[in-house]
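Got your viewer open? Let's take a walk through this chain together, one selection at a time.

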Amino acid sequence: STGHLYFSSSWHNGFGGQDVFRVAGIPGNWTDPVNMGPPVNSNKNDFFFSVFPEKEKVFLSSNREGAAIGDGYSTCCNDIYVADLPSKIIEEEKKEEYKNLAELNRFLPVRLYFHNDEPNPRSLDTTTLVKYSEAYDSYKKLFDSYVKENAKGLSGSEKEDAEYDVEDFFSLTVDKGMSDLSLFFDLLLKELKQGQSIRLSIRGFASPRAKSDYNEKLTMRRIASLVNEMKSVQNGIFLPYINGTATDGGHLEFEALPFGEYKADKTVSDDLFNEKQSIYSRGARLERKIEIESVKIVSPIKKPVLKLEEESFDFGPIPKSGVVHHTFYISNEGNALMVIDSVIASCGCLVPILEKDTVLPSERIALEVGFIPFDKNGKETKEITIYIAGEPPKVITISADVQH
């Protein structure tokens with residue numbers, strides 16, 4: 001649920017037995033527990049609480065009186081109950097999970113998991129054409145094999161525990177990663193549409209079955225599969241941001257941080273002949289992942305951008321004696337101070353006079369140009385070139401028809 005944790009406890013003040021409590025916040029920074037009260041809680045044991053805000057309902061297990069099994073009055077057995085969700089909680093549960101990416105960073109990393117040596121097994125490539133959703137689907141299809149292999153050689157309760165462990169891993173870890181990724185994409189797109197330049201840091205991990213140099217390449221492929229997913233999701237909605245062609249100015253870049261097995265848990269087996277431990281065990285499963293580690297707003301490159309309101313001017317017919325004038329306007333549409341190094345005329349018949357040689361962002365200055373015909377005759381076309389540091393020069397074309 002949205003920033004809230006529900007749990008059962010007999011420690012805090014309650015109605016008797018296990019009661020359901022609610023706290024808000026994030027791990028390490030929770031509010032004081034609040035008892036959910038009746039009809040959620042009773043004087044018996046109430047637990048396994050689940051919230052469905054879209055249905056405005058809650059479900060829980062309890063051994064309170066009224067169970068469909070037994071005589072209806074006994075408290076010997078647990079049954080499942082449903083209750084209406086209080087209106088205040090409905091509003092809090094339905095509100096947007098995170099306000100922005102800065103808030104989302106508090107909940108990172110988003111963790112995405114892979115089958116052994118995927119994608120592109122037995123490869124030394126550092127990139128892949130596989131999308132993460134394809135790797136995820138392939139992994140899910142191996143669920144039965146994981147249940148079988150993880151429970152191999154076990155019996156009784158140990159076998160059941162091993163099977164449940166795989167079920168929990170796929171539902172609470174692998175599926176959660178895919179769900180978190182979908183939410184992350186929605187929030188990321190919102191920020192990009194505001195014109196933000198964003199860098200995603202993605203860290204890769206691998207189990208220690210192979211050598212470190214091989215695993216480093218493998219984690220690069222895993223990171224590439226996420227980039228591929230972002231290029232294809234929602235009919236390529238992120239592509240303009242990745243390619244730098246988005247009309248709203250947003251930009252998305254990636255920082256790949258391959259770890260290979262360098263950070264692998266030392267207790268995870270690297271025995272190639274013991275696949276149960278080196279592939280199917282929980283420890284090995286947890287190592288094969290990538291993490292969206294952080295989201296950073298990248299400061300835009302500061303540079304001046306010179307813009308001319310007019311790039312040419314024609315005086316038309318002018319007498320051969322005297323001087324004519326025209327004023328051009330220069331503006332700085334960049335985000336840094338613009339310094340005009342020089343203004344060069346192609347002919348001594350042009351006299352450019354610049355208002356000043358420094359232009360602040362969004363500032364507009366004048367460039368007055370005088371044209372002296374001298375002994376010219378007929379159609380004349382001349383140029384003035386404006387030079388600023390680090391940018392291509394701008395050229396102004398001036399023409400006149402000198403009459404005798």
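Here is a stop-by-stop tour, starting with the whole chain and then moving to smaller pieces.

**Stop 1: the whole chain**

Before you click on anything, keep in mind that this is a predicted model. Colour the chain by pLDDT: the mean is 85, and 86% of the residues reach 70 or more. Now switch to a cartoon view, where you can look for nine helices and 20 strands. The chain has 404 residues, and 42% of them count as buried. If you look at contacts with a separation of 6 or more, 64% of them are between residues 24 or more positions apart.

Which elements have the lowest and the highest mean pLDDT? Select helix 1 (residues 87–94) for the lowest, at 61, and helix 3 for the highest, at 97.

**Stop 2: helix 3**

Stay with helix 3, which covers residues 132–140. Show the side chains of Tyr132, Ser133, Ala135, Tyr136 and Tyr139, the buried residues of this helix. They span an arc of only 160° around the axis, so they sit on the same side of helix 3.

What do these buried residues pack against? Select strand 8 (110–113), helix 4 (143–150), helix 5, helix 6 and helix 9 (282–287), and you have their partners. Two of those partners come next.

**Stop 3: helices 5 and 6**

Select residues 156–192 to see helix 5. With 37 residues at 1.5 Å a residue, helix 5 should span 54 Å, and its end C-alpha atoms are 53 Å apart, so the two values agree. Zoom in on Lys176, where helix 5 bends by about 35°.

Next, pick residues 212–236, the 25 residues of helix 6. From first C-alpha to last, helix 6 reaches 34 Å, close to the 36 Å expected. Where is the kink in helix 6 centred? Click on Glu229: the kink there is about 25°.

**Stop 4: a pair of cysteines**

Jump to Cys347 and Cys349 and show their side chains. A disulfide joins the two, with an S to S distance of 2.4 Å. The count for this model comes to one disulfide. Its torsion about the S-S bond is about 140°, so the disulfide is right-handed.

Are these two cysteines buried or exposed? Cys347 has a relative accessible area of 16%, under the 20% cut-off, so Cys347 is buried. Cys349 is buried as well, with a value of 1%. For another cysteine, select Cys77: its relative accessible area is 26%, so Cys77 counts as partly exposed.

**Stop 5: Lys376, beside the cysteines**

Keep the cysteines on screen and add Lys376, which lies in the loop between strand 18 (364–371) and strand 19 (378–388). Which residues is Lys376 in contact with, leaving aside neighbours within four places in sequence? You'll find Cys347 and Cys349 there, along with Lys382, Val402 and His404. Try a distance label too: the C-alpha atoms of Lys376 and Gln403 are separated by 8.6 Å, though the two are 27 residues apart along the chain.

**Stop 6: Lys303**

For the last stop, find Lys303 in the loop between strand 11 (289–297) and strand 12 (306–308). Lys303 is partly exposed, with a relative accessible area of 37%. Not counting residues up to four places away in sequence, Lys303 touches Gly334, Asn335, Ala336 and Glu391. Finish with a label between the C-alpha atoms of Lys303 and Asn335: they are separated by 5.7 Å, while the residues are 32 apart along the chain.

How values were computed: Residues numbered from 1 in each chain as written. Predicted model: local features only at pLDDT ≥ 70, side-chain atom pairs only at ≥ 80, totals over all residues. Heavy atoms only, no water. Helix = DSSP H or I, 4+ residues; strand = E, 2+ residues; numbered from the N terminus. Expected span 1.5 Å × (residues − 1). Bend = angle between axes of the 7 residues up to and from the residue. Disulfide = S-S within 2.5 Å. Buried < 20%, exposed > 50% of the residue type's maximum accessible area, 1.4 Å probe, protein only. Arc of directions from axis to C-beta. Contact = heavy atoms within 4.5 Å. pLDDT = per-residue confidence, 0-100.
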